[in-house]
Amino acid sequence: MTEEIISNKVGEKIILLGNEGIVRGALESGVQFVSAYPGTPSSEVGNTFWRIAKKVGVYFEFSTNEKVALEAGAGAAFSGLRTLVSMKHFGLNVASDFFMPLVYSGVKGGMVILVADDPSCWSSAQSEEDTRAFASLSHIPILEPSTPQECKDFTKLAFDLSEKFQIPIMIRETTRVALQGGIVKLGKIVKGKRKGKFIKDPHQFSTMPPRVLEMKKELLEKIEKIKKQISEKSLINKIYGNNKSEIGIVTSSVSFLYVMEALKYLNLNIPVLKLGFFHPLPDKKIKGFINKFKKILVVEELEPHLEKEIKVLAKDINLKLQIFGKDLLSETGELRPEQVLKAVAEFSNKKLKIKPVLKIKNPKLKIPKRSPQFCPGCPYWLVFNALKKAVDPKKVIFGGEIGCYMLAFYPPFHFQDYLFCMGSSVGVAHGIKKSSNKQKLISFVGDSSFFHSGIPALLNAVHNKSNPLIIIMDNQTTAMTGHQPNPGTNKTSMGNSVEGAKIEDIVKACGVKNLKIINPIKQKEFIKAVKDSLNNKINEVSVIIARRPCIYI
Amino acid sequence: MKEFNIIISGVGGQGVITLTRILAKAAIFDGYDVRTSELHGLSQKGGSVETHIRFGSMTGSKQIHSPLIKKGKANLIICIEAQESLKSYIYSSKESNTIFLINDFIKPILGSKIIPPVKDILKEIKRFSKQVMSIPASKIVKEKLNKEVLAGVYILGWTTSKNLFPLKRKSILKSIEKTVPKKYFLLNKKAFDLANYD
């Protein structure tokens with residue numbers, strides 16, 4: 001049975017997630033090069049290509065980190081190939097150093113960057129980010145689909161725009177778009193047949209001053225052109241309902257769906273402007289829309305980016321316009337349909353009969369939250385059980401990081417005193433040990449995180465002589481997000497055999513002398529190694545590689 | 001076409017996502033528009049899982065839009081783990097005539113000292129819904145097919161045989177065939193049919 005997502009039955013309607021819609025859109029655009037670093041809620045983009053790349057003749061890799069993924073994708077796009085790069089919001093933070101000048105230089109082959117935000121932090125520790133802010137930082141054009149069908153359509157549009165204006169285009173999803181299932185009508189899969197060739201052009205690809213300032217100017221001109229020629233005219237910025245009204249709603253992304261649901265429920269006919277372009281915004285279209293109203297409501301998740309833009313535009317044309325947004329809707333957490341319903345009702349002075357919410361009465365039935373936990377048989381049980389026996393948890397600082405081992409935060413272990421981003425546990429550990437050498441500290445880092453961004457921190461700790469104990473939780477896969485390969489695995493994302501990088505070789509090359517590699521099933525040996533490392537008097541970094549594969553590989 | 005809203009809740013690993021896919025595809029076969037919502041990643045590792053499935057009209061004033069179901073607006077709530085019903089109840093209401101199907105199966109919550117009896121849970125849930133049914137799905141599939149993960153498909157068969165949702169039996173079977181790996185299709189079909197002949 002051929003997988004539905006690569007079906008050639010044009011016109012067939014199938015169910016896809018938003019992320020799968022992105023994949024299909026790329027396939028229908030003749031994509032040839034795809035790179036990603038996994039992260040919920042973006043992972044299905046990479047996972048799907050990982051499965052189908054060989055069958056459809058597309059190059060795919062899970063890169064070492066998001067910055068490298070973007071750089072690899074850019075190299076392919078500089079060489080003329082159509083390229084897709086996928087990551088979650090935090091990934092763009094990692095990639096941003098390269099990302100900013102990439103928007104300046106632009107590309108030859110079409111390049112689409114998919115970034116998925118996670119309002120409510122369903123699967124994201126560290127912070128609740130709104131990636132749209134990167135529009136003002138970098139000027140990159142950003143499209144925001146609402147449904148899986150739009151994910152496909154917007155991806156195709158993005159490839160065309162990217163090639164026409166020689167600029168990367170971002171598609172920004174949120175969790176309820178990325179993991180929303182819906183009907184997608186299939187178009188034709190286009191097989192990309194371009195031969196990649198990098199044509200020397202330092203004028204475009206070397207961002208040296210003073211040329212870099214010219215590039216900035218050219219970028220701003222490009223954006224102005226995209227605004228006038230595309231965004232102002234595009235059907236993805238669409239007005240729904242053209243009846244006479246004194247009030248209107250401006251919205252985007254999944255919020256649009258909640259607005260339409262609220263209007264249906266309240267039996268209201270309020271004109272709605274749905275913006276598929278977040279950047280550049282169609283200023284004239286927005287002005288034309290808001291001009292006739294007494295008041296408008298802006299419905300968007302997270303930060304009030306649209307609301308602020310519209311307030312500026314309103315000053316030119318409609319000084320009396322009342323603009324509502326974050327005064328009726330939360331800036332924290334995702335929007336829910338009932339919140340939007342309430343806001344729309346309040347905004348339109350429609351009475352909403354809300355029954356008091358019934359609550360569970362029986363106190364015995366107020367069950368606690370079911371925390372996620374290590375899978376039965378997970379090697380990390382062994383590591384943390386050994387640590388429980390080796391140390392007094394009250395007297396040791398535990399540095400956490402992004403990966404399955406962050407579940408040690410929850411019962412029964414509570415082994416996590418700080419948690420920030422990928423690669424940070426060792427960096428912070430070094431600073432703590434330099435400031436407070438008497439305190440004992442164990443810093444955890446997974447194999448994929450170590451490759452991703454842990455290595456520079458280890459080098460720093462060794463070179464600058466602090467002495468944390470670093471436990472590299474080597475389960476030989478990127479387990480949390482679905483067992484994707486990383487540089488340590490013996491197979492590439494394309495399924496080719498390679499010799500995986502050896503963590504111990506890297507650790508030794510960083511200058512670590514106190515290194516042990518232990519399978520945590522050997523509990524006694526593990527406990528002894530932890531005790532020895534914490535109690536030694538040498539002022540040096542100690543590393544234990546806890547090596548035992550994830551039970552699912 | 002009237003809209004129909006289903007919540008499926010359970011614990012990571014119980015097949016909630018697969019069940020969601022089966023229902024969504026079956027709804028397409030029956031000519032509905034479909035929206036679903038699910039979560040992946042961190043929260044799924046042994047944590048609570050809750051998915052939303054809505055189907056209804058493709059166009060016109062009854063068209064469905066949101067992938068999420070509003071509180072109190074579910075027509076059917078399937079709980080593959082009984083304690084999860086104590087969270088999913090917010091989507092039920094007597095006005096919506098919500099039907100509650102609760103698997104008579106408890107997976108203890110780590111760190112919780114109390115494991116409430118299923119009958120106490122049912123009693124409480126009855127305050128929110130006129131039709132609360134408990135089904136020993138896990139027990140039956142374990143006894144007859146020796147695979148607890150089939151409980152969800154068994155409940156689907158049960159729901160179909162009792163006409164509790166407007167999806168056709170043959171559409172669901174076709175959808176199961178298209179959703180589960182080929183080698184497991186017959187086993188899934190057995191679990192589905194098991195309930196039909198009860």
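Two strands pair if DSSP finds at least two bridges between them. With that in hand, here are some close-up views of this predicted model.

**View 1. Strands β9(A) and β11(A) lie side by side in chain A**. Here β9(A) pairs with β11(A), residues 272-275, through four bridges, and the sense is antiparallel. To find your place on the screen, start at N237(A): L275(A) is its bridge partner in β11(A). Helix α13(A), residues 337-347, packs on the sheet and touches β10, β13 and β14 of chain A. The direction of α13(A) makes about 175° with that of β13(A).

**View 2. An open sheet of five strands in chain A**. Reading across the sheet, you will meet the strands in the order β9-β11-β10-β13-β14, with mixed pairing. At the edges are β9 (237-240) and β14 (322-324) of chain A, each of which pairs on one side only. From one strand to the next, the twist averages 20°. Helix α12(A), residues 305-317, lies across β10 (247-251), β11, β13 (295-299) and β14 of chain A. Relative to β14(A), helix α12(A) runs at about 175°.

**View 3. Helices α1(A) and α6(A) pack together**. Which way do α1(A) and α6(A) lie, roughly parallel or roughly perpendicular to each other? Their angle is about 30°, and angles under 35 degrees count as roughly parallel, so α1(A) and α6(A) are roughly parallel to each other. The axes of α1(A) (residues 18-27) and α6(A) (residues 148-165) are 7 Å apart, and the crossing is right-handed. Among the residues making the contact are G18(A), G21(A), I22(A) and G25(A) of α1(A), together with P148(A), C151(A), K152(A) and T155(A) of α6(A). Sorted by class, this contact has four nonpolar, five polar and five charged residues.

**View 4. Helices α4(B) and α5(B) meet in chain B**. Helix α4(B), residues 137-145, packs against α5(B), residues 151-161, at an angle of about 110°. The two helices are therefore roughly perpendicular to each other. Their axes are 8 Å apart, and they make a right-handed crossing. From α4(B), the contact uses A137(B), S138(B), I140(B) and V141(B); from α5(B), it uses A151(B), Y154(B) and I155(B). Six of these residues are nonpolar, one is polar and none is charged.

**View 5. Chains A and B come into contact**. Each side brings its share: 40 residues from chain B and 40 residues from chain A. In chain B, α1 (16-29), β2 (33-37) and α3 (118-125) each supply at least two residues of the side that touches chain A. Which element gives the most to that side of chain B? It is β2(B), with five residues. By class, the side of chain B that touches chain A holds 15 nonpolar, 14 polar and eleven charged residues.

**View 6. A strand from each chain pairs across the contact**. Strand β8(A), residues 180-185, and β2(B) pair in the antiparallel sense over three bridges. A handy pair to label is Q180(A) and S37(B), since Q180(A) stands opposite S37(B) in β2(B).

**A word on confidence.** For the complex, the predictor gives an ipTM of 0.96 and a pTM of 0.97. The pLDDT of chain B averages 93, and 98% of the residues score at least 70. Where pLDDT is low, the predicted coordinates should not be read in detail.

Note on methods. Residues numbered from 1 in each chain as written. Chains lettered and ligands numbered in written order. Predicted model: local features only at pLDDT ≥ 70, side-chain atom pairs only at ≥ 80, totals over all residues. Axes fitted to C-alpha atoms, helices over the stretch in contact; angles between N-to-C directions. Contact = placed C-beta atoms within 7 Å. Parallel < 35°, antiparallel > 145°, perpendicular 65-115°, else oblique. Left-handed = near helix turned anticlockwise from the far one by under 90°. Nonpolar A, V, L, I, M, F, W, Y, C, P; charged D, E, K, R; others polar. pLDDT = per-residue confidence, 0-100.
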